[in-house]
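Here is a friendly walk through one glutamine and the nonpolar cores of this protein. Have the structure open as you read.

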Amino acid sequence: MPQLRLIAALAILALSGCGGSSDAGSTRHVVASFYPLEFAAKEVGDGSVSVTNLTPPGAEPHDIELTARDVARIQDADVVLYLDAGFQPAVEDAVRGAHGTALDLLQGIRLRRPPDKETRADPHVWLDPVLYAGVVRRIGRTLGAPERASALSTRLLGLDREYRRGLSNCQRREIVTSHAAFGYLAARYGLEQVPIAGVSPEAEPTPRKLEAAVRRVRESGATTIFFETLVSPRVAETVARETGARTAVLDPIEGLTKDEASRGDNYFTIMRRNLAALRSALGCR
């Protein structure tokens with residue numbers, strides 16, 4: 001009989017411990033697969049969520065490998081924010097077994113196909129402020145914070161107006177990029193992307209592709225070859241040497257560099273730097 005009473009007491013303690021943990025855990029735990037989703041979750045959550053980014057500053061997100069701790073975080077999260085379409089295969093594999101809410105933020109968006117024969121769709125929707133505003137609203141509904149999501153969406157639509165004004169009167173419309181990350185941005189603002197490599201920044205362009213890019217740069221009169229912050233500028237520099245063009249940074253905002261993170265840069269500051277770089281390269285007035 002004393003043994004039964006001891007077992008019952010332990011069971012009550014266990015149940016009360018579980019209940020206490022749930023009550024104390026009012027903060028929702030969100031795992032974001034890379035920076036733009038982390039930024040949106042933190043802005044929309046506004047302190048009511050704890051956000052973990054699986055891609056650390058300075059890392060290129062396409063081919064990150066997850067640690068056992070990362071996989072555990074995905075399994076234990078209340079919400080997992082990620083992109084499907086082969087953007088981060090390791091994350092997609094881990095998410096399939098997640099017990100929380102896994103939200104594919106490309107779902108419902110008509111994805112662009114790259115200009116070459118790649119089978120993978122282009123996932124870089126966050127570079128179009130209007131599409132990114134839609135992503136933000138979905139995150140707001142998932143986190144139960146539609147008002148804060150609406151406020152961030154309004155800021156994004158203001159950024160869209162800045163881009164429309166800034167790119168409305170330009171001498172050139174072609175943007176030569178080291179990889180095909182800017183198709184959504186180009187489509188939104190009436191530009192034409194001329195990518196040297198495909199959707200994946202690690203894909204090395206073939207000699208034929210390099211020759212085609214050099215020829216296209218000469219035909220278009222482009223004065224600038226854009227490279228990125230998280231990958232080697234070698235290919236862009238090669239095309240620039242062949243054509244007499246200069247190089248400049250156009251950031252796909254797939255992640256922050258360590259310097260950007262330390263000085264407090266965010267999506268908006270980098271997008272405005274991108275706008276300034278585009279205006280300079282395209283001879284905009």
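In this predicted model, let's begin with Gln193, a residue of strand S6, which spans residues 192-197. Is Gln193 buried or exposed? Its relative accessibility is 15%, and because buried means under 20%, Gln193 counts as buried.

What does the side chain of Gln193 meet there? Two backbone nitrogens each lie a short way from a polar atom of that side chain, as the table shows.

| Backbone nitrogen | Side chain with the polar atom | Distance |
|---|---|---|
| Ala181 | Gln193 | 3.2 Å |
| Phe182 | Gln193 | 2.7 Å |

Leaving out residues up to four places away in sequence, Gln193 touches Ile175, Thr177, His179, Ala180, Ala181, Phe182, Gly183 and Ala186.

Now for the nonpolar cores. In soluble globular proteins, nonpolar side chains tend to be buried together. The largest nonpolar core here holds 58 residues, and Leu81, Trp126, Tyr132, Tyr163, Leu167 and Tyr267 have the most contacts inside it. Among the elements that give two or more residues to this core are strand S1 (28-32), helix H2 (35-45), strand S3 (79-82), helix H6 (146-166) and helix H11 (267-282). H11 gives the most, with nine residues.

Which residues does Tyr163 contact, leaving aside its neighbours within four places in sequence? They are Leu185, Tyr189, Met271, Asn274, Leu275 and Leu278. Apart from the largest core lies another one, of 14 residues, including Ile196, Ala222, Ala240 and Ala245.

Conventions:
Residues are numbered from 1 along each chain as its sequence is written. This is a predicted model: local features need pLDDT of at least 70, side-chain atom pairs count only at pLDDT 80 or more; totals for chains, interfaces and linings use all residues. Side-chain values use heavy atoms; hydrogens and water are left out. A nonpolar core is a set of buried Ala, Val, Leu, Ile, Met, Phe, Trp, Tyr and Cys residues joined through side-chain atoms within 4.5 Å. Buried means under 20% relative accessible area, exposed over 50%, partly exposed in between (1.4 Å probe, protein chains only). Helices (H or I, at least four residues) and strands (E, at least two) are DSSP runs, numbered from the N terminus. Contact means heavy atoms within 4.5 Å. A polar contact is a pair of N or O atoms within 3.5 Å; within protein, one must be able to donate a hydrogen and the other to accept it, and residues adjacent in sequence count only if both atoms are side-chain atoms.
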